[in-house]
Amino acid sequence: MRGLGTIINCVAIVAGGVIGHFTGRLFRRDQQESLNKACGVSVMFIAIAGAMQGMLHIDRGSLVSGKSMLVVLCLALGTIIGEMIGIEKGFERFGEWLKNRTGNSGDKEFVNAFVTASLTVCIGAMAIVGAIQDGILGDFSTLAVKAVLDFIIIAVMTSSMGKGCVFSAIPVFAFEGAITLLAGLVSPVMTDLAIAYLSLIGSVLIFCVGVNLVWGKKLRVANMLPAVLLAVFAAYLPWGF
């Protein structure tokens, strides 16, 4: 059944959110804050591992780095595009709408929790590659693995940030579902190099999410999302990075 991977992923996010909501009540406010920072540090190290995997390689027995120009150009140009479009404000407006429609108007952290959790579980190569596999082959194994990871992440984030994290299942359903439906069109574009570039830039953006979790909102990460599309475009340029 094509699309089953997206359903499994969304169910895992909701289940993680429900568990996190009830376990979060067991912690005092200061303990929730500490848990939130611990989650941020974990996200940062996961992102660093992904970024280093894309930037470091062995050359003649020595460890060398590369693709710095790719990171700089994609992030700079992507942020400019995102700021002009106002992607972050769009996320926040949708979060405010959800907050009011779901009876959570008194939850001051709802919008921030929704945006942060959505960015954490949507950005990354696993979502795209898994949705393509699901759409073309009916193979949901990659999304099933992602579902397990998202279950843990959302459970921890919900226990520290609140119920807004649960609703990150909505953008995940829309994003992965759309790619699954359009897999035939998307698949030829996603070459091995394009996936590698996307994974690298996605890891950097996830690191930025971790920064916001640890130090409070310092970066408008949603406005940096066009960098992911630019990374795919960069794979088709006649020169390498």
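This section describes the nonpolar core, selected helices and several individual residues of a predicted model.

The largest nonpolar core of the predicted model comprises 54 residues, and within this set L75 and I201 touch the most other members. The greatest contribution to this core comes from helix 10, spanning residues 192-215, which supplies 11 residues. With residues up to four places away in sequence left out, the contacts of I201 are L70, V71, C74, L75, A227, V228 and A231. L75 is thus among the residues touched by I201.

Helix 7 covers residues 141-161 and has 21 residues. From its first C-alpha to its last, helix 7 reaches 29 Å, close to the 30 Å expected at 1.5 Å a residue. The buried residues of helix 7 are T142, L143, K146, A147, D150, I154, A155, M157, T158, S159, S160 and M161. These buried positions are covered by elements that include helix 1 (4-24), helix 2 (29-55), helix 5 (110-122), helix 6 (125-137), helix 8 (169-181) and helix 10. Just after helix 7, G162 adopts a positive phi of about 115 degrees.

The packing of helix 2 against helix 7 was examined separately. Two packed helices are described by the angle between their axes and the distance between the axes. For helix 2 and helix 7, the angle is about 145 degrees and the axes are 8 Å apart. The contact involves Q32, L35, N36 and C39 on the side of helix 2, and V156, M157, S159, S160 and M161 on the side of helix 7. Helix 2 passes helix 7 in a left-handed crossing. Of the helix 7 residues in this contact, M157, S159, S160 and M161 are listed as buried.

Helix 8 was treated in the same manner. The 13 residues of helix 8 should span 18 Å at 1.5 Å a residue, and the end C-alpha atoms are 18 Å apart, in agreement with that expectation. Buried residues in helix 8 are A169, P171, V172, E176, G177, I179 and T180. Their cover includes helix 1, helix 5, helix 6, helix 7 and helix 9 (183-186).

Within helix 8, T180 has a relative accessibility of 8% and therefore counts as buried, the limit being under 20%. Outside its neighbours up to four places away in sequence, T180 touches G3, T6, A131, D134 and G135. One of these residues, A131, offers its backbone oxygen to the side chain of T180 at 3.4 Å. The C-alpha atoms of T180 and L4 are separated by 9.8 Å, although these residues lie 176 residues apart along the chain.

Two positions in helix 6 provide a contrast in exposure. A125 is located in helix 6 and is buried, with a relative accessible area of 16%. Apart from neighbours within four places in sequence, A125 is in contact with G130, I195, L198 and S199. A separation of 14 Å is found between the C-alpha atoms of A125 and P226, which are 101 residues apart along the chain. L137, also found in helix 6, is exposed, with a relative accessible area of 64%. Its contacts, not counting residues up to four places away in sequence, are R2 and I132. The C-alpha atoms of L137 and F45 are separated by 32 Å, with these positions 92 residues apart in chain numbering.

Two loop residues were also considered. N223 is situated in the loop between helix 10 and helix 11 (226-234). Despite this loop position, N223 is buried, with a relative accessible area of 3%. Its side chain forms a polar contact of 3.2 Å with the side chain of E83. Beyond neighbours within four places in sequence, N223 is in contact with G78, T79, G82, E83, G86, I87 and E88.

K67 occupies the loop between strand 2 (62-65) and helix 3 (68-85). Most residues other than glycine have a negative phi. The phi of K67, in contrast, is near 65 degrees, a positive value in a residue other than glycine. With a relative accessibility of 24%, K67 counts as partly exposed.

How values were computed. Residues are numbered from 1 along each chain as its sequence is written. This is a predicted model: local features need pLDDT of at least 70, side-chain atom pairs count only at pLDDT 80 or more; totals for chains, interfaces and linings use all residues. Side-chain values use heavy atoms; hydrogens and water are left out. A nonpolar core is a set of buried Ala, Val, Leu, Ile, Met, Phe, Trp, Tyr and Cys residues joined through side-chain atoms within 4.5 Å. Buried means under 20% relative accessible area, exposed over 50%, partly exposed in between (1.4 Å probe, protein chains only). Helices (H or I, at least four residues) and strands (E, at least two) are DSSP runs, numbered from the N terminus. Contact means heavy atoms within 4.5 Å. The expected span of a helix is 1.5 Å times one less than its number of residues. A polar contact is a pair of N or O atoms within 3.5 Å; within protein, one must be able to donate a hydrogen and the other to accept it, and residues adjacent in sequence count only if both atoms are side-chain atoms. Axes are lines fitted to C-alpha atoms, for helices over the stretch in contact, and angles run from 0 to 180 degrees between N-to-C directions. A crossing is left-handed if the near helix is turned anticlockwise from the far one by less than a right angle, and right-handed if clockwise.
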